[in-house]
Amino acid sequence: AQSTVDEVVRITDSMGYEIDPQERARYSILPGYEGFILARFSIRGDRYYLRITHQREGRRLAEDILLSRGQFEAYRNQIVVIDQATRDRRQKEAATEVQKEGRFRMATDAFLYGSWLYGPGATILFEMEGNRAAGVQLLTVGGSFVAALSATRDYRLGYGRSNLIRWGNYAGTLYGLGIPVFFHSGSQKAYVGSAMLCTPLGGLLAYRLSSHRHFDKGETDLISTGGLVGGLYGLIIPFLIDIDDLEEPTQDRIHVASAMLGVPAGILATTRLIRHKPINRGRAHLITLGGIVGGYYGASIVRLAGVDGDRHPRPYVWSVALGLPVGTYFAYRLTDREEYTLGRSRLISVGAYAGALFGTGVVLAAGVEEIESHIMASVLGSATGIWFTHEVTRGWGEQVGSRFELRMPAQNRVIVSLPSPAQLLSFGIL
């Protein structure tokens, strides 16, 4: 008896050695076999064979088809092309899901702006009162939300650019409130109208300036914080250089102008410093916390040195201005060796606050009344709280969201986002 041995050929990595009915339908390959069971390619010498097993009238049949190498490659290429198209489509869908992030906050920002700026602002500009004014405000609030949802129906900006645009709106609002100061305007309409006009201009400028590349989430968190800190430095610099001898309107213009220059300076400096550095949202949160803690420790040192804040306020401002970058630098260096999720970082922040409260509570419970002892206890307690929370959460990577939500498809999740330290500070200023 004579036998021949054929080498079964691997078609592609995704398909393997055989084509089953599901794969035949997926790739639209080998038509004309209604009772198709399976197919395989083999090679004998320099010849390729296609064996198709199918069922007809209750009989199982095996058909061998002689192929040239070109015909075999044509079958393989058809499968490869469809596989590639499938991968491209999946990648596009995944990118789209990432780009959809940020719509919630953009829409809620529009709702809030309608509530406290555009609704009341319209009644002020048009001098409305009574029920008519209330009706216009309510229409503006609801209309702002509807307009935001309609405008973001096909949302593709992603979290990073959304964050920058939102903070661009905030900066535009502050610029709008500051511009009338330069003209000695005492009119409420001037301030309201300027803020209403500059708010979307700030968002539009941020949209244009952020269109040239992708921005990571942690990167934009730090950039927005840098703009806020730059504005705060702009406010305190005139105070530190002592402009008290000038007239009050002149002082106001200098403070506003300095803050307006500080915002873009802070954004530019932060962008340059963190470009191409691996900073996620968790690490960005801890870097911001480090700056806040550094400023607090600086002010505490001055108070422990016995400086009277009522009579000599400038040493306190200097200590905060110097302590903030020092704390930021140490936070950056101390967080470059571990992975920090946003959930873990926020828990470390809570640990800092809880430690400060616990330390102060110990001193109060002991009956100590000196304010210096309270400050020292809060400083030591916050440092201990940060260290303790950091250690007990090591290796813990919980995301912000419930387990049920994390098992859901990404498009159906509801992620709860807590405010960052920078946002809490900005809301407090407003």
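This is a short tour of a predicted model, moving from the whole chain to its core and then to a patch on its surface.

**The whole chain**

Begin with the entire protein chain in view, where you can follow 14 helices and five strands. The radius of gyration is 32 Å, well over the 22 Å that the globule rule gives for 430 residues, so the chain is more spread out than a compact globule. If you turn the model along its principal axes, the C-alpha trace spans about 110 × 60 × 40 Å. Now switch on the surface: the accessible surface comes to about 25,700 Å², and 61% of that belongs to carbon and sulfur atoms. Of the 430 residues, 39% count as buried. Among the contacts with a separation of 6 or more, 67% are made by residues that stand 24 or more positions apart.

**The largest nonpolar core**

In soluble globular proteins, nonpolar side chains tend to be buried together. To see such a grouping here, select Ile19, Leu30, Phe36, Ala39, Phe41, Leu50 and Ile52, which have the most contacts inside the largest nonpolar core, a set of 17 residues. Next colour strand 3 (36–44), strand 4 (47–56) and helix 2 (69–99), since these are the elements that give two or more residues to this core.

Stay with Leu50 and show what surrounds it: leaving aside its neighbours within four places in sequence, Leu50 is in contact with Leu30, Ala39, Arg40, Phe41, Glu63, Asp64, Ile65, Leu67 and Tyr75.

**His54**

Then select His54, which lies in strand 4. Is His54 buried or exposed? His54 has a relative accessible area of 4%, and because anything under 20% is called buried, His54 counts as buried. Once its neighbours within four places in sequence are set aside, the residues in contact with His54 are Tyr33, Gly35, Phe36, Ile37, Arg59, Arg60, Leu61 and Glu63.

**A nonpolar patch on the surface**

For the last stop, return to the surface view and select Phe111, Leu112, Trp116, Phe145 and Leu149, which make a nonpolar surface patch of about 450 Å². The elements that give two or more residues to this patch are helix 3 (103–125) and helix 4 (130–151). Which helix gives the most to the nonpolar patch? Helix 3 does, with three residues.

Finish on Phe145, which lies in helix 4. Phe145 has a relative accessibility of 32%, so it counts as partly exposed, whereas His54, at 4%, is buried.

Methods
Residues numbered from 1 in each chain as written. Predicted model: local features only at pLDDT ≥ 70, side-chain atom pairs only at ≥ 80, totals over all residues. Heavy atoms only, no water. Core = buried A, V, L, I, M, F, W, Y, C linked by side-chain atoms within 4.5 Å. Buried < 20%, exposed > 50% of the residue type's maximum accessible area, 1.4 Å probe, protein only. Helix = DSSP H or I, 4+ residues; strand = E, 2+ residues; numbered from the N terminus. Contact = heavy atoms within 4.5 Å. Patch = residues over 30% accessible without salt bridge, like charges linked within 9 Å, V, L, I, M, F, W, Y side chains within 5 Å. Areas by Shrake-Rupley, 256 points an atom, 1.4 Å probe, with all protein chains shown as cover. Salt bridge = Lys/Arg side-chain N within 4 Å of Asp/Glu carboxyl O. Rg over C-alpha atoms; globule rule 2.2 N^0.38 Å.
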